[in-house]
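User: I am new to this structure and would be grateful for a close look at a single part of it. Please give one connected account of how that part is divided and what it touches.

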Amino acid sequence: MGVNYPGFNDTEPLFIQIARWLENKIVTGQLKADEQIPSTTELSAALKINPATVRKGVNILVEKGLVYKKRGMGMYVAANAEDSARDDRRERFRDDYVRPMLEEAARLGISRDEVAEMVKGER
Amino acid sequence: MRGYLGYVFRGREGLRSYAAFMGAALGGLFVLHLFILIVLVKDDYFDHIDLMFYEGLGSLFAGAFFGIVTERLMKLSAFGGVSRRSFIIGTGVAGLLFAALTSAAIQVMYIITELVYRLFGMGLDCMVMSGIGTHRSEVAIAPRTIIFNAAVTFFGIMLIYGFSVLFVGLRSRLRRAAPVITGAVVVFFGYSYDMYAGPLGELFGMLEDRLMFSEYAVAPEIFGTAASVNGISMTFGDGVLAFVVSGVLIFAVMYAVFALAVMRAPLRGRG
Amino acid sequence: MSMMEIRSLTKRYGSKTALDDVSLKIAKGSIYGLLGRNGAGKTTLVSLISNRDFPTSGEVLLDGANVKENDRALKNICCMGAEQLLPGYMRVKDVISSMRYFYKNTDAEYANALCEKFGLDPKKRLSRLSTGYRTIAKVIFAMSSGADYIILDEPTLGLDANHRELLYKLIIERFNETEAAFVISTHLIDECAGLFERVFVLREGRLIADEDSDALRRSAYLVEGKTAEVDSFIAGKKVLTRSEVGSFCSACVSGGDVPSPDALPDGLEVSQPTLQQLLIAMTEEG
């Protein structure tokens, strides 16, 4: 019952969750290229999270090149961020989603073929 | 420290609070005097009344209020990050100054009441005049009388202030023993006074003498000068000084115990 | 950077040791969590910082100067706690207007704004307030004091959920504005975990943790599965707690790297504890 905001949980480190939250907004185009992201002050007050933690999360995106700092003005989404983030997510798609799905299928005795069928049948 | 003293004299819970209490008490005593006046005016027998309510009851109220204000200030100081040392010194300064101010206020009330009584053809006495015979009305509100009386009142106030801070100080360390110990001290003072026993008893005796023969000090032009009574010189300055200094000394002794107690007292509040 | 240093602080009451050789540092510009069970010594620590009580040994230093009986240092420290310190007959607005004599940088306007935000009537006497509102009043006093070091001991006592959320928001906002050091002691750990940059954990008077809050959480993990398998996995490791449910068992293990799911034997699940779960494990009896 920690951060009272959708998408946040109690077990993962908060800075990672913040990075993911911002990244989601970038990947889905909700935050566009050269658009300013919410400031550390705003984010920390709204989410009630220590600003140092917020900064740490934002820095992850800076390191990935998704976000850049304009001196005296704030943090902005990089020009190719949406594509870059999407590529990154695509790479992680296998580890984050495919693997767990196959592990669960194995646990339940669902064969690979059955899984493939389900995937094909999905609209 | 300057900040704390500033609060004691300008803040709401310091002098202002004390003055509000004292004002109410003195006002009440004034009403009491008027009531007595009305009752006695019917009786033509009296032309002077020996009432020491302002000096007597007034001092008791003053002491109680000073104790209450000191305890409140102690709590505020603990909250506000004031060192014990600053609080203790502040209490000492407040004690001397509040007592002086209260004594002055009591003299003012006395004068006003005396004037009111005179309108009805009567006179109100004060501590100093209690030993004097028929010349009261001439000297009742003479400057020397007022000053002498102020000194005596100051002594009384300092005495009760002493008991008060002693109680507050002891309470900060020993919740339950405080009233018992303070009570014992008061009884000791009473006993010393009654029996004139011990050095304290001698002090009281010396002050009593000054009081009894105050007419020679206050109005020598009327009563003549007693070169010396019982081997004690009775000058006006001497009398005033004796009461003021004795008052400060007695307060100082009990204040010292208060200081020692509070210096190491844990002020953690309740619950 | 202004710094408060607590050095080998010990407090004994007769035969009971409330604080045992506690040393830690509190720097301006950080928010700290002070955690521990009831009676662990948190409130005692706060009373020693605020000069309301004196240490048996050790010292509290502010920028090198001992805080004990030091008016100048104490002007920069404002503590609030569960105890009734202020006279109950005083009105909230009276306390606010008195504060400038004690804390030079008191912001009375801010205090009044906070009263409004919380719905606290400044004309009310302290003794007339409910538990929650009395806590709110004390928090408002501390936060508007303008002190560099603000210690809040149980600022959530009696507050409903809405007020708690409001409080956390206000703390962050005030912190962003003033960069004061905030030390918050609370039992609602998961709610507040996001606020803390660093966390101090007291257990029976001793400091058992002084760490970055993320690092602390990552220092332990939960293992769950069939009892026999869990037990063989945790053998030789530092186990904080272990509990059984039928033929299953879960344990909280501290130290070492968190094993990745691949490295785990089949049938065992590993997960991260919340800060509260970890704290319970660290401060369990025995």
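Analyst: The part chosen is chain A, whose domain assignment (bounds of this kind come from an automatic or database assignment) gives domain 1 (14-80) and domain 2 (83-121). This is a predicted model, in which local features need pLDDT of at least 70 and side-chain atom pairs count only at pLDDT 80 or more, while totals for chains, interfaces and linings use all residues. Residues are numbered from 1 along each chain as its sequence is written, and chains are lettered from A and ligands numbered from 1 in the order in which they are written.

Taken over C-alpha atoms, the centres of domain 1 of chain A and domain 2 of chain A are separated by 29 Å. Their contact involves 7 residues from domain 1 of chain A and 6 residues from domain 2 of chain A; two residues are in contact if their C-beta atoms, placed from the backbone, lie within 7 Å. On the domain 1 side of chain A, the residues touching domain 2 of chain A comprise 3 nonpolar, 2 polar and 2 charged. Here Ala, Val, Leu, Ile, Met, Phe, Trp, Tyr, Cys and Pro count as nonpolar, Asp, Glu, Lys and Arg as charged, and the others, Gly among them, as polar.

Chain A also meets chain C, with 19 residues of chain A in contact with 19 residues of chain C. At least two residues of the chain A side come from each of helix H1 (14-27), helix H2 (40-47) and helix H3 (51-63) of chain A; helices (H or I, at least four residues) are DSSP runs, numbered from the N terminus. The side of chain A that touches chain C has 9 nonpolar, 7 polar and 3 charged residues. As for the partner, the C-alpha trace of chain C spans about 65 × 40 × 35 Å along its principal axes.
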